[in-house]
Amino acid sequence: MTPRPLSRSLSPLPEESLPGLLLRLAYRMERSPARIAHLCGLVHRQNRLPGEYLLSLPGERIVQFAAATRLSVEEANALTLSSYAGVYPPLASVRIDGNRTTAAARKSWAASMSSRYCAACLSGDGSPTQSRYGGPWKLRWHLPVSYACVTHRTLLSHACPRCGDMPNQPTNSERQGLIMHRTTSGLHPAQCRRPVADADVSPTAACAARLDDGRQAARVPDADLSMLLALQHRIDHRLTRSQSPTNPGELASELLFFPDLIVAAHLIRLSWPDGAHYTSSTSLADLIDRHVSSAATRRRTSEPAGRRPAAWDAPEDPGECAALLVAADALLGHEDRDSAGVTDRVRPLAEAAFSRSSANIGASLRRADASPAMARALLRLDKGFYRAAGHRHARQSLPSRPSRFRIEHVPALLPQTWLSAHFEDLLSQWLHHTAWKVRHLRRVAALKLAEMSGGGTWPDCAKTLRIPWNTAQQSLKVVRKELDLQNLWPDFERAVERLASQLDRETDRVHFGHRRELLSAWQVPPPDWAELLHELSQFGQGVTTPTRDTATVLIWAHVTQGDHLHSPVLTALRESGSSTQSLVASVNQLRTLANHKGSKRNLLRRLAAYSDLLATACDRSAVSSPTGYAEIGLQAAHLR
């Protein structure tokens, strides 16, 4: 049944919260908040006024409430935190209902049921209505990222000046409600409703201290206050901006502001004091130090009258929260949050935080919603690669750098031309390197390019490039050992980065993934093999004599820039249990420089020319599996 409109309603004040409006209505109508809630259709089972109504009102409740208060549904909805859900992502990830506590809201920095406040705002703006019933309890004060009032240039307060507790925070034994002492009437909206033990009045009496008495919040030096207010102004702008920008990319970037800021705050706290240089003054560093120390102490001790804070909870004290967020913003780079800079700043603190925290905390932090740049910085590296062991999650699929080239443009072995162009400095410093070791280097460089462009751990990259897992592992082992001995790993990373930058600039990249797919079941057609051998001196009939399979392996390696040992022909022989010895020996005979003479040299030239033609055909082909190329067969006759 739709309730009747209230006889003496009030229009919501700008930015007013649902509990704030109920408190003002109760005071005006000289009724308890519970009675006003009943008249507005907000009564829950067991006569509760549930805390989850702060997040949003159920559909049937909001219609009844709007009718009773003479508001539109949109105006009623604006009294709940759902109005911020589109611009403050933590609210979208939390749910509170009658069977849940509010711990999830605190942990995710979504909301606090007990509001911070500005005494000057609560005292009103001097108008007759606000002078009598008080100013607004602002909705945004329930968000952990609201720590200051930019209008009155002061930090918010969070505790009652008399009882010292949070005004709307229940005791441990009481389920969180929208308003404490909801059945008590006669209290001004700005009076503290925190239950206190007062034997002279009632064992559960409300504190009743006025919160709008002009008492100043904690003070900080003027220079620090200006910095805190500047960040709060930017936060407020994002909370109140239009939720329908014309540029979808801009919206996506804006929505990552708060998740990144919260993750950075966790890093500052978990790695403290390593991030102390991101604070602008000793006083701000002292606030963070006080928060970290007190939180650690409280987690180790029992609190009969309270709760143990979780490692993820936002600081309750506005000053401590402000200092932490300003340091987090500096860690991210203020407005200039370039990907490379974020990674360079975040990764050292991430490593420190992970080393000092339990494994589940590190894993939870890496799973947090954040921008790609932040997510990359949080993933743990092992000698330049995402760690292959331990907890796996979707974030590990992120490319390790923003790249224009894709993993499909990466061959399984770095081509010699790429090696010569970008790794000469490294090779000149690498003492006693051999062709065998350089081959491992080419494979590891390809794995790194795959990680840069496609993401994933090295086993993921090896699978995509069709490199056997044990082969990739052996190459990493060899290269890491060799480069570590001479402290050349940084040179390796710089060389791969130069190569990646070149690939980014190129517009005509080879699609090696397409080539690998097309040639996965290909063999040299018999007519082409006959043409390739035409008029060449007869080879001996030993185990190393070139065969059609020999040509197929060498052509596949040339076109895909893969390792001939991992060609489809040799792989199929291994999987069938057949010996690969004679075919490998035949391929190695042709690959050996000492044998590049006579008929073998001429055959190699024809195979190279044929490979170039096949590569061109692959790049032009849109089919998925060429059983043969007629145009190549015709041109093969002219290769001799």
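# Reasoning through a predicted model

Modeller: In this predicted model, helices α8 and α10 are oblique to each other.

Colleague: Why are α8 and α10 called oblique?

Modeller: The axes of α8, residues 222-240, and α10, residues 257-270, cross at roughly 140 degrees and come within 11 Å. An angle over 145 degrees would count as roughly antiparallel, under 35 as roughly parallel, and 65 to 115 as roughly perpendicular. The crossing of roughly 140 degrees falls in none of these ranges, and the two helices are therefore oblique.

Colleague: Which residues of α8 and α10 meet, and how many of them are nonpolar, polar or charged by class?

Modeller: On the α8 side the residues are Arg234, Ile235, Arg238 and Leu239, and they meet Phe257, Phe258 and Leu261 in α10. By class, this contact has five nonpolar residues, two charged ones and no polar ones.

Colleague: What makes the pair of arginine 401 and glutamate 497 a salt bridge?

Modeller: A side-chain nitrogen of Lys or Arg has to lie within 4 Å of a carboxyl oxygen of Asp or Glu, and the closest N and O atoms of arginine 401 and glutamate 497 are 3.0 Å apart, so the pair meets the cut-off. The structure holds 19 salt bridges. Arginine 401 also forms a salt bridge with aspartate 504, where the closest N and O atoms are again 3.0 Å apart.

Colleague: What parts of the chain do these two pairs link?

Modeller: Arginine 401 is in the loop between β6 and α16, and glutamate 497, 96 residues apart from it, is in helix α21, which spans residues 489-505, so that distant parts of the chain are linked. Aspartate 504 is also in helix α21, at 103 residues from arginine 401.

Colleague: How do you know whether arginine 401 and glutamate 497 are buried, partly exposed or exposed?

Modeller: The limit for a buried residue is under 20% relative accessible area, and an exposed one has over 50%. Arginine 401, at 12%, therefore counts as buried, whereas glutamate 497, at 31%, lies between the two limits and counts as partly exposed. Aspartate 504 is buried, as arginine 401 is.

Colleague: How do you know that lysine 437 and glutamate 482 form a salt bridge, and where are they found?

Modeller: The closest N and O atoms of lysine 437 and glutamate 482 are 3.2 Å apart, and this distance is within the 4 Å that a salt bridge requires. Lysine 437 is in helix α18, residues 435-454, and glutamate 482 is in helix α20, residues 469-485, with these positions 45 residues apart in the sequence count. Lysine 437 and glutamate 482 are both buried. Elsewhere, a network of salt bridges links Glu15, Arg140 and Asp236.

Colleague: Arginine 443 is in helix α18 too; why is arginine 443 called buried?

Modeller: Its relative accessible area is 4%, and since buried means under 20%, arginine 443 is classed as buried.

Colleague: What makes the pairing of arginine 443 and serine 475 a polar contact?

Modeller: The cut-off for the pair of N or O atoms is 3.5 Å, and the side chains of arginine 443 and serine 475 are joined at 2.8 Å. Leaving aside neighbours within four places in sequence, the residues in contact with arginine 443 include Ala412, Leu413, Ile467, Asp563 and His566.

Colleague: Why is glycine 186 called exposed?

Modeller: Glycine 186 has 58% relative accessibility, and exposed means over 50%, so the residue counts as exposed. Glycine 186 is found in the loop between β2 and β3, where it touches Tyr27 and Gln191, not counting residues up to four places away in sequence. Alanine 26 is 160 residues apart from glycine 186 in sequence, yet 8.0 Å apart in space, C-alpha to C-alpha.

Colleague: How do tryptophan 109 and arginine 466 compare with the limits for buried and exposed residues?

Modeller: Tryptophan 109 has a relative accessible area of 0% and is therefore buried, while arginine 466, at 43%, counts as partly exposed. Tryptophan 109, in the loop between α5 and α6, has a positive phi near 60 degrees although it is a residue other than glycine. Arginine 466, in the loop between α19 and α20, is likewise not a glycine and has a positive phi of about 60 degrees.

Definitions and conventions:
Residues numbered from 1 in each chain as written. Predicted model: local features only at pLDDT ≥ 70, side-chain atom pairs only at ≥ 80, totals over all residues. Heavy atoms only, no water. Axes fitted to C-alpha atoms, helices over the stretch in contact; angles between N-to-C directions. Helix = DSSP H or I, 4+ residues; strand = E, 2+ residues; numbered from the N terminus. Contact = heavy atoms within 4.5 Å. Nonpolar A, V, L, I, M, F, W, Y, C, P; charged D, E, K, R; others polar. Buried < 20%, exposed > 50% of the residue type's maximum accessible area, 1.4 Å probe, protein only. Polar contact = N/O pair within 3.5 Å; in protein donor to acceptor, adjacent residues only side chain to side chain.
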